[in-house]
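Me: Could you walk me through this chain with a few questions and answers? Here is what I am looking at.

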Amino acid sequence: MADTTFPRMSGWKNGYDPKQVDSFFKRARESFERPTPQPGDLDSRAVRTVGFDLVRKGYHVAVVDAALDRLEDAFAKQARDRLIAQSGQDAWVSELTRVAASLRGRLVREAGERFDNPPPGVIGYDIVQVDDMCDKVNSYFTQGVAMSVDQVRRVLFKTAKGKKAYNEDQVDAFIDRVVEVMASVD
C-alpha cells in the first residue's frame, strides 16, 4: 500500500478530518502488511464502517471514499487468500456458503416482510426500494445476474415511517453482509 495523500476541499466546503484519515490509513497499512493478523488489526468490516469528522478544507470525501472501497476489497481478498492458504479452497467455499445462507433467509421472504418495521415515530428505509434491492441481490446470487459490489455499497434508500418502512439497522447490517460476500468473491 502506498502512502496516502488526498486532495482537500476548497473554499467553505467540509471534508474528512485529515488527521483522522491519515491515522486510519496508517493503521490499515500496518494491519494489511502484517504477515499474521494480530488482535486489534483492522479488517474489511472495520474499513466499511469507519467514520471521520467533517472539517473545513478537509480531505475530499468522494476521493477518500473511493480509496476506502479499494482498501475494503483488498482486505476481503486478503482474508479469503489467508483462509485458502491455511485451510484450503473447500474451507473458503464453506465459509462463503455459510455467510451467503444467512442472507438467503431475508431474500426468500415475501416483499414487505423481509425486515422489521421501525419503532413508532422512527424513520426507516422505504420498503419498496429495499425490496427492489433485495430482488436484485437475490438474482445476483441465484441466477448470476451481473451486479457490482459498488452498486450495493452505494445504494441510497428514501426514508419512510411506519408500515412503509424497514428498520434501518437491520437493512444496514444486511447490506454490510452482502458487501462482505461480494467483495470476497470479486
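Me: Is Glu168 buried, partly exposed or exposed?

Reply: Happy to help, and bear in mind that this is a predicted model. The relative accessibility of Glu168 is 25%. Buried means under 20% and exposed means over 50%. Because its value falls in between, Glu168 counts as partly exposed.

Me: Which helix is Glu168 found in?

Reply: The chain has seven helices and five strands. Glu168 belongs to the helix made of residues 168-185. That helix is α7.

Me: Which residues does Glu168 touch, leaving aside those up to four places away in sequence?

Reply: Contact here means heavy atoms within 4.5 Å. With residues up to four places away in sequence not counted, the partners of Glu168 are Ile123, Gly124, Tyr125 and Thr159.

Me: How far apart in space are Glu168 and Phe115, C-alpha to C-alpha?

Reply: In sequence, 53 residues separate Glu168 and Phe115. In space, the C-alpha to C-alpha distance between them is 9.1 Å.

Me: What share of the chain's contacts with a separation of 6 or more comes from residues 24 or more positions apart?

Reply: Let's step back to the whole chain, whose elements run β-α-α-β-α-α-β-α-α-β-β-α from the N terminus on. Among contacts with a separation of 6 or more, residues 24 or more positions apart account for 80%.

Me: How many Å apart do the centres of the positive and negative side chains lie?

Reply: There are two sets to consider, with 28 positive and 29 negative side chains. The distance between their centres is 4 Å.

How values were computed. Residues are numbered from 1 along each chain as its sequence is written. This is a predicted model: local features need pLDDT of at least 70, side-chain atom pairs count only at pLDDT 80 or more; totals for chains, interfaces and linings use all residues. Side-chain values use heavy atoms; hydrogens and water are left out. Helices (H or I, at least four residues) and strands (E, at least two) are DSSP runs, numbered from the N terminus. Buried means under 20% relative accessible area, exposed over 50%, partly exposed in between (1.4 Å probe, protein chains only). Lys and Arg count as positive and Asp and Glu as negative; His and the chain ends are not counted. The place of a charge is taken as NZ of Lys, CZ of Arg, CG of Asp or CD of Glu.
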